[in-house]
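Reader: I would like a close look at one part of this model. Please start from the annotated site and work outwards, with cut-offs.

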Amino acid sequence: MKTLTVAHSPDADDIFMYYAIKFGWVSTPELRFENLALDIETLNVEALKNSYDITAISFALYPKIRSEYALLRTAVSFGEGYGPKLVKKQASKLKRNFKVALSGTHTTNALLFKIAYPEARIIYKNFLEIEQAVLDGEVDAGVLIHESILNFSDELVVERELWDIWKELCKEELPLPLGGMALRRSMPISRAIVCEDALIQAVNVAHTHQGVLSKMLLERNLVRVDQATLKKYLGLYANEHSIEMSDLQYQAIDTLFEIGFKHGFYDQSIKAREHLIPKEYDALRNS
């Protein structure tokens, strides 16, 4: 039996989507999955090093790892009228070169922020430390991600939604691509197809049995939020649109890549569908 590492973030939606496998609800005869939870920017940096078999990534990173990793069709997180938030202290005013804390240079929110605020002075921190950095005055503002967008101090106010930046840049009604999954291209195609099918099944099972799985995660202290917050958060980022990507989601990813290319972040503009695992391989092999 081959053991593969699935690296994901410790935020509630990634934990939720993976743990159907961890709890044994989904399995494959020839493969065993081991999980590793790391913050999203660490995952992005490790993906640049080709460290893990399967890994969560920020969609904004993908053009930089396309030669080593294929995109997966599942376990994705998109914003639909919501997303990361730029926050500051109440009554404060931001200068053009304000100091800001971001969760990582390769994140989707960082890409959008840099385009919208080219003069801002950026520092990078673990996403769990950003709210406190703003409260302590270490920075003038910070971009909150993951479950931090739901509950933050009353001393802070939202300066701008990154969703609004996205809408201004893409000029279409498209969901905001935030997080996806990638798989090493060095993996044999037949094994890669099995992996992706298992992950699709896991996300589907997790969504179908959300109540039971949520209870298990809460009882085992595997998530950082309470029951009400978990339910709300999963509704945002681990929902029916996370199981397998739609045409609209592919269009949104392509638009993100095109925006990044136009602003000098990528060496070329790519299309998401051209970098998926070729599932037609099995049909051709068995024909």
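Author: What follows starts at the annotated residue and moves on to the pocket, a helix and two buried positions.

This is a predicted model, where local features need pLDDT of at least 70, side-chain atom pairs count only at pLDDT 80 or more, and totals for chains, interfaces and linings use all residues. Residues are numbered from 1 along each chain as its sequence is written, and side-chain values use heavy atoms, with hydrogens and water left out.

The annotated site comes first. An unreviewed UniProt entry gives His-146 the annotation "active site". Such positions are given in the numbering used here, feature names are shortened, and annotations may be inferred rather than shown by experiment. His-146 sits in the loop between strand 9 (141–144) and strand 10 (156–161). Helices (H or I, at least four residues) and strands (E, at least two) are DSSP runs, numbered from the N terminus. His-146 has a relative accessible area of 15%, so it is buried. Buried means under 20% relative accessible area, exposed over 50%, partly exposed in between (1.4 Å probe, protein chains only).

Next, the largest pocket. It holds about 160 Å³ of space. Eleven residues line it, and the closest to its centre are Leu-128, Glu-131, Glu-147, Ser-148 and Asn-151. A pocket is an open set of points on a 1 Å grid over the protein atoms alone, where a 1.4 Å probe fits, with protein on both sides within 12 Å along at least five of seven lines; lining residues have an atom within 4 Å of a point. The volume is the space filled by probe spheres set on the points, which are joined across faces, edges and corners.

Now helix 5 (residues 162–170). Its buried residues are Leu-162, Trp-163, Ile-165, Trp-166 and Cys-170. Down the helix axis they fall within an arc of 155°, so they line one face of helix 5. That arc is taken from the directions from the helix axis to the C-beta atoms. Lys-171 follows helix 5, with a positive phi near 60°.

Val-100 lies in strand 7 (residues 99–102). Its relative accessibility is 0%, so Val-100 counts as buried. Beyond four places in sequence, its contacts (heavy atoms within 4.5 Å) include Leu-86, Phe-113, Ala-120 and Val-139. Val-100 and Ala-120 are 20 residues apart along the chain, with C-alpha atoms separated by 6.9 Å.

Last, Ala-20 in helix 1 (residues 12–22). Ala-20 is buried because its relative accessible area is 0%. Beyond four places in sequence, Ala-20 is in contact with Trp-25, Val-26, Ala-202, Val-205 and Ala-206.
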